[in-house]
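Hi there,

Here is the structure I promised to pass on. Please have a look at it first, and then read my notes below.

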Amino acid sequence: MNIFRLTGDLAHLLAIIILLLKIWKTRSCAGISGKSQILFAIVYTTRYLDLVTTFVSAYNTLMKIFFLASSYATMYLIYIKFKATYDHNHDTFRIEFLVAPAFVLAMLITHAYTLLEVLWTFSIYLESVAILPQLFMVSKTGEAESITSHYLFALGSYRALYILNWIYRYVMENNYDLIAIVAGIVQTVLYCDFFYLYVTKVLKGKKLQLPA
């Protein structure tokens, strides 16, 4: 544990809390991509199967349980509780074009060919592109609500901070995971345009708009 990983985890928690509060308080999931939330649920499910085999720490276990529970709770709110407010007409990204390549890549490039390791690698690859349906939806609709923008910024910050975490671990501990680093860089790059627009527009009280 180091300051970058801790703040990265806190940013991740903040992103999920912002999303859940947004949906619950407004009683609407308008502007939220259910497709991205499905991908995140797949990511957490395949990554945290070691909950039943390995205990690292109470912190680690609680975080894993929270991410799993919150991902399925979010899907429940989108697809069942507030289904009438879900904008499926704009949430049209073909997620199979992300899932299939991530799985194939995990079969080709992984640390070890065990079930848990391949699924962990798959989750890392898939997480790097899981936000694409959300960004695609924002681009398609033309703008995002401020609360949705805050969610995306917190989520992007989590990945950027984890890159700093890997740099810190390499320098201080001579420890690194090339798969996680490359996937994290890819994911952070996807947020670059959004980060710029967030700082130049949302923080100045304007609506965020992504180029179509």
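A word on naming before the findings: the helices are DSSP runs of H or I with at least four residues, numbered from the N terminus. Please also keep in mind that this is a predicted model.

**A nonpolar patch on the surface**

Let me start with the outside of the protein. L164, I167, Y168, Y170, V171, M172, Y176, L178, V182 and V186 come together as a nonpolar surface patch, and their accessible area adds up to about 980 Å². Which helices each supply at least two residues of this patch? They are α7, spanning 146-173, and α8, spanning 178-190. The largest share comes from α7, which gives six residues.

V171 is one of the patch residues, and it sits in helix α7. Its relative accessible area is 59%; because the cut-off for exposed is over 50%, V171 counts as exposed.

**Two loop residues with positive phi**

Between α7 and α8 there is a loop that holds N174. This residue is not a glycine, yet its phi is positive, at about 55°. N174 is exposed, with 60% relative accessibility.

R27 is another non-glycine residue with a positive phi, here near 55°. You will find R27 in the loop that links α1 (3-26) to α2 (34-47). With a relative accessible area of 39%, R27 is partly exposed.

**A buried aspartate**

D91 may be worth a look on your screen. It belongs to the loop between α3 (58-81) and α4 (96-108). D91 is buried but has no salt bridge. How far away is the nearest side chain of opposite charge? That side chain is K35, at 5.3 Å, and a salt bridge needs the nitrogen and the carboxyl oxygen within 4 Å, so the pair does not qualify.

What the side chain of D91 does have is a polar contact with the side chain of Y86, at 2.5 Å. Setting aside neighbours within four places in sequence, D91 is in contact with S33, G34, K35, Y86, P133 and M137.

**A tyrosine in α3**

Lastly, Y59 is in helix α3. It is partly exposed, at 32% relative accessibility. Apart from neighbours within four places in sequence, Y59 has contacts with M1, L6 and D9.

Happy to go through any of this with you.

Best wishes

Methods: Residues are numbered from 1 along each chain as its sequence is written. This is a predicted model: local features need pLDDT of at least 70, side-chain atom pairs count only at pLDDT 80 or more; totals for chains, interfaces and linings use all residues. Side-chain values use heavy atoms; hydrogens and water are left out. Patches are made of residues with over 30% relative accessible area and no salt bridge: like charges are joined within 9 Å, nonpolar side chains (Val, Leu, Ile, Met, Phe, Trp, Tyr) within 5 Å. Accessible areas come from the Shrake-Rupley method with a 1.4 Å probe; for residues, only the protein chains shown count as cover. Buried means under 20% relative accessible area, exposed over 50%, partly exposed in between (1.4 Å probe, protein chains only). Lys and Arg count as positive and Asp and Glu as negative; His and the chain ends are not counted. A polar contact is a pair of N or O atoms within 3.5 Å; within protein, one must be able to donate a hydrogen and the other to accept it, and residues adjacent in sequence count only if both atoms are side-chain atoms. Contact means heavy atoms within 4.5 Å.
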